[in-house]
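The exercises that follow ask you to read local features from a set of coordinates, each with a worked solution. Please have the sequence and the structure open while you go through them.

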Amino acid sequence: MINVPPHPFRVSEIDENDPFVVNALKKHRHFDPCWCGSGKKYKKCHMNREQEKPFTLGKLQKLQRDVFWRKRGCMYPKSSQSACDGKIIDSHTIQRKGPLSKIVDDSGHVMHFEPSGDSAGLEAQSIGWRKASTFPGYCRRHDSELFGPIENIAFDGGHEQCVLHAFRNLCNEIYRKQALIDSLKFQKSILDRGQDLDRQIAIQYSCNENIKGQRKSLEESESLRAYIEKAIVGSNYGALDSACFFFEGDISVVSSSVFQCEFDFEGSKLVDMWDLSIDAELLSHSIANTEKGGAIVFVWHKGGIHAKAVVESFERIPDDEKGDVFVQYCFLNCENTYFSAIWWKSLHSKQKAQITSYARALYYEGGAFTANKQSLVGWKFT
Ligand SMILES: [Zn+2]
Ligand SMILES: [Zn+2]
């Protein structure tokens, strides 16, 4: 069973004069809409919340997983004529015949940071490669139609291949954001069971603020998806920019995701992600494999100033430090990062501790990435 990925959750400061709090503290009649914003009647929602029995942690986690990993339909470009065929399958966000195959061990396992039963945080653990980096995003037909050019043809840095990488990343990101919003809504409905009214208000308020933030970033992702869809359907790939950094060496870490360009690689802050009045630019990254090694692939909306700044800051990193810095960036920012057992075993305990602390950090607060003296990966950029 795939666990629910960790996500940034910000506990919001409560202001007593906030209309939400003022309204929550009013007397409510049975059939009033509930103060929490669930859309349910007060009687069916928070009226007896303090007396409700909290769920056990096990039950909570199970329900949470069910909500998160629900199938949400095929994400093939809607504007295309071609119809879905077959049920929604688990699609790999990292090419299964490509980079993923480079990190699988003889027993069919790869490594990933997973919640651990006995420790408080995430731990590097071995998981079956089929479960690695998948999401239920497309029907069988559209998965192979869309991603044939990146699954079956060797990567050469061609712009079209790069854009397809980005599109798959983006669909995964959108799926996860939607899943996260559903799961926050679910948490709203159960997390404050048995708590007093003050705690209920605090929990509901924080959940609402987080949902607002996630909705905003979902909107940004949706608008980039519409843009890429148009490019794919109309074969107009010039609407996007891409940059590839080729390297030689073993692909021991693979990662793919789409990020809001909040900081560049030198730690400069580009935009305040929590200011909902500003649209953040998005940048997709993935790792593709080549004959001699691999490539780090960035894709962004043509004309994106912040996205370009992030890529340029990566370009400025000396070639012998790029691999090390990129790997740190992936572990710190991106849950969708997998690695080989051989590589993990080869690291010193200090390096393992550093990477574990990155993987456990839910929110990157900025600061420049600096390369380790002893590089984490031996990637030679040319
Ligand atoms: Zn309620
Ligand atoms: Zn489909």
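**Exercise 1: the setting of K177**

K177 belongs to helix α5, which spans residues 159-190; the model is a predicted one. Task: determine which residues K177 touches, not counting residues up to four places away in sequence, and decide whether K177 is buried or exposed.

Solution. Begin with the contacts: beyond its sequence neighbours up to four places away, K177 touches Q214, S217, L218 and S221. Next, take one of these partners and compare sequence with space: K177 and S221 are 44 residues apart along the chain, while their C-alpha atoms lie 9.1 Å from one another. Finally, turn to accessibility: the relative accessible area of K177 is 11%, and because buried means under 20%, K177 counts as buried.

**Exercise 2: the zinc site**

Task: identify the protein donors of the zinc ion (ligand 1), and state what geometry the four donor atoms give the site.

Solution. The donor atoms are SG of C34, SG of C36, SG of C45 and ND1 of H46, at 2.0 to 2.3 Å from the zinc ion (ligand 1). The angles among these four donor atoms run from 106 to 114 degrees, and the site is tetrahedral; the criterion needed for this step is that all angles lie between 85 and 135 degrees. Read along the chain, the donors of the zinc ion follow the spacing C-x1-C-x8-C-H. Of these donors, C34 and H46 are 12 residues apart, and each is placed in the loop between α1 (19-25) and α2 (57-68). Both C34 and H46 are buried.

**Exercise 3: salt bridges**

Task: for the salt bridges R49 with E52, R72 with D182 and E266 with R316, describe the placement and accessibility of the partners, using a cut-off of 4 Å between the side-chain nitrogen and the carboxyl oxygen.

Solution. The count for the model comes to 19 salt bridges, and three of them are worked through here.

- Step one. In the salt bridge between R49 and E52, the closest N and O atoms are 2.8 Å apart. R49 is buried, at a relative accessible area of 3%, whereas E52, at 25%, is partly exposed.
- Step two. R72 and D182 form a salt bridge through their side chains, with an N to O distance of 2.8 Å. R72 is located in the loop between α2 and β1 (88-92) and D182 in helix α5, so this pair ties together parts of the chain 110 residues apart in sequence. R72 is partly exposed at 22% relative accessibility, while D182, at 12%, is buried.
- Step three. The side chains of E266 and R316 also meet in a salt bridge, at 2.8 Å from N to O. Since E266 sits in the loop between β6 (253-260) and β7 (282-289) and R316 in helix α7 (residues 305-316), the pair ties together parts 50 residues apart in sequence. E266 is partly exposed, with a relative accessible area of 37%, and R316 is exposed at 52%.
- Step four. Returning to the pair of step one, R49, E52 and D192 are joined into one network by salt bridges that share partners.

**Exercise 4: strand β4**

Task: state how many residues of strand β4 are buried, and in which sense β1 and β4 pair.

Solution. Strand β4 covers residues 134-139, and six of its six residues are buried, so that the strand is described as mostly covered. The pairing of β1 with β4 is antiparallel and extends over five bridges. Within this pairing, I89 has Y138 of β4 as its bridge partner.

Technical notes
Residues numbered from 1 in each chain as written. Chains lettered and ligands numbered in written order. Predicted model: local features only at pLDDT ≥ 70, side-chain atom pairs only at ≥ 80, totals over all residues. Heavy atoms only, no water. Helix = DSSP H or I, 4+ residues; strand = E, 2+ residues; numbered from the N terminus. Buried < 20%, exposed > 50% of the residue type's maximum accessible area, 1.4 Å probe, protein only. Contact = heavy atoms within 4.5 Å. Donors = N, O, S within 2.8 Å, 3.2 Å for Na, K, Ca; no water. Tetrahedral: all angles 85-135°; square planar, octahedral: opposite > 155°, others 65-115°. Pairing = 2+ DSSP bridges.
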